[in-house]
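Let's take a walk through this model together, starting with how its helices pack and ending with a few individual residues.

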Amino acid sequence: MFQFLLRRTLGAVLILFLISAFTFFMFFAVPQDPALLACGKNCTPDALAVIHKNLGLDQPVVVQFWNYMVGIFAGRDFSVGHCDAPCFGVSFNNQQMVWDTIIDRLPLTISLSLGGLIVFLIVGLGAGMIAAWRKGTAVDKIFSGGSLVLSSMQIYFLGPVVLGIFVYSTGWLDKPKDVPITESLSGWFMGLLIPWLVMSVIFTANYTRMARSTMIEQLQEEHVRAARAKGMSGRYVFFRYAWRGSLIPIVTILGMDLGALFGGAMVTEITFGLAGIGRLAQQSVLDKDLPLTMGVMVFSAALILLFNIIVDALYAIIDPRVRLS
């Protein structure tokens, strides 16, 4: 297990380095000088030269990239102050530390991602289990047909539709908003309820079909049929043997979907006007703010890689037959 985690960690570091290098050097392919964004409308050559020096833009691109990577592990000094590690630099637009900006926006994105994850796992896996248990019945056909329809939906389409019906027309639900959980638990829950439901729709549909198919396959395995032949109840066999065996492919897909879930949270933020990592990434690209874009990219990639390592490590816990080493 330790050797596996070590290999995956080293691989993740290499991937993060390649992502950072690609994003950094692609940014300098843009013809516009990033210092002009920080200089403002009434920019003079002298003021522009000072900004270049303060932000380190007067140095060669390779040197800038080296200083950036060193700053992540050791910190850096800027004209606006010292940036402690992990230092992703200073925003070209507002002269604020990128890491502080990301941490400020992170709680909302985590709330969206975890809430959506809980909703689609409970609803999707539950519906899939019921459909497999009632295979061939009307319940199975309704769940299977409904999941097929829902899987074709998109967040940016379904979001305005749900807002129009349940917020503006009927007033049954509150308009999505960011209320800190420490301020009001009910306000936090109601403010994110619609984004959770909308974001989880596509994943719920996929996991319903997946759980149904894997459960039906497991019910045909020899050890499950042997358990039934020994006189064990159908309910006991279903949950003791078939359910556990069906978790391996589900966990495998979940590991790949965590990145899509994080991306879905970003799209959801833009759709509902919530100020999380997604909105921050969008604004940084529009403003050509290299440190902010780099910070969001590297941070998001690190989270996705971490999630994948954790999911891979869970294989050995769920199925003792799996040996990661």
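A good place to begin is a pair of helices, H5 and H12, which are oblique to each other because their axes cross at roughly 135°, outside the range over 145 degrees that counts as roughly antiparallel. Those two axes come within 8 Å. Please keep in mind that this is a predicted model.

Which residues meet where H5 and H12 touch? On the H5 side they are Thr101, Ile102, Arg105, Leu106 and Thr109, and on the H12 side Ile277, Gly278, Arg279 and Leu280. Sorted by class, this contact holds four nonpolar, three polar and two charged residues. H12 itself spans residues 277–286.

**The chain as a whole**

Stepping back, the chain contains 13 helices and two strands. Its C-alpha atoms fill a box of roughly 85 × 55 × 35 Å along the principal axes. Of the 325 residues, 42% count as buried. The accessible surface is about 17400 Å², and carbon and sulfur atoms account for 67% of that area. Contacts that reach along the sequence are well represented too: among those between residues at least 6 apart, 68% join residues at least 24 apart.

**Nonpolar cores**

In soluble globular proteins, nonpolar side chains tend to be buried together. Here, the largest nonpolar core has 30 residues, and the members touching the most others are Leu112, Phe120, Leu192, Ile194, Val198, Tyr207 and Leu261. Four helices each supply at least two residues of this core: H5 (98–133), H7 (155–169), H8 (185–219) and H11 (247–272). Which of them gives the most? That is H8, with 11 residues.

Phe120 offers a handy view into this core. Beyond its neighbours within four places in sequence, Phe120 is in contact with Leu125, Ser200, Phe203, Thr204, Tyr207, Leu254 and Leu261. Two of these partners, Tyr207 and Leu261, are also listed among the members that touch the most others.

Apart from this core lies another one, of 26 residues, including Ala21, Ile102, Leu280 and Leu292. Ile102 and Leu280 have already appeared in the contact between H5 and H12.

**Some individual residues**

The table below brings together three side chains and how open they are to the surroundings.

| Residue | Location | Relative accessible area | Class |
|---|---|---|---|
| Trp66 | helix H4 (residues 61–74) | 59% | exposed |
| Phe166 | helix H7 | 30% | partly exposed |
| Lys288 | loop between H12 and helix H13 (290–318) | 28% | partly exposed |

Is Trp66 buried or exposed? Trp66 is exposed, because its relative accessible area of 59% is over the 50% cut-off. Its C-alpha atom is separated by 9.8 Å from that of Ala21, although their positions lie 45 residues apart along the chain as a sequence separation. Ala21 is also one of the members of the 26-residue core.

Phe166 is in contact with Gly171, Trp172 and Leu173, leaving aside its neighbours within four places in sequence. From Phe166 to Pro291 the C-alpha distance is 39 Å, with a sequence separation of 125 residues. For Lys288 and Gly187, 101 residues apart along the chain, the C-alpha separation is 35 Å.

One backbone detail also deserves a look. A cis peptide bond, with omega about -5°, joins Ala85 and Pro86. Where does Pro86 sit? Pro86 is in the loop between strand S2 (81–83) and H5.

Conventions: Residues are numbered from 1 along each chain as its sequence is written. This is a predicted model: local features need pLDDT of at least 70, side-chain atom pairs count only at pLDDT 80 or more; totals for chains, interfaces and linings use all residues. Side-chain values use heavy atoms; hydrogens and water are left out. A nonpolar core is a set of buried Ala, Val, Leu, Ile, Met, Phe, Trp, Tyr and Cys residues joined through side-chain atoms within 4.5 Å. Buried means under 20% relative accessible area, exposed over 50%, partly exposed in between (1.4 Å probe, protein chains only). Contact means heavy atoms within 4.5 Å. Axes are lines fitted to C-alpha atoms, for helices over the stretch in contact, and angles run from 0 to 180 degrees between N-to-C directions. Angles under 35 degrees count as roughly parallel, over 145 as roughly antiparallel, 65 to 115 as roughly perpendicular and the rest as oblique. Ala, Val, Leu, Ile, Met, Phe, Trp, Tyr, Cys and Pro count as nonpolar, Asp, Glu, Lys and Arg as charged, and the others, Gly among them, as polar. Accessible areas come from the Shrake-Rupley method with a 1.4 Å probe; for residues, only the protein chains shown count as cover.
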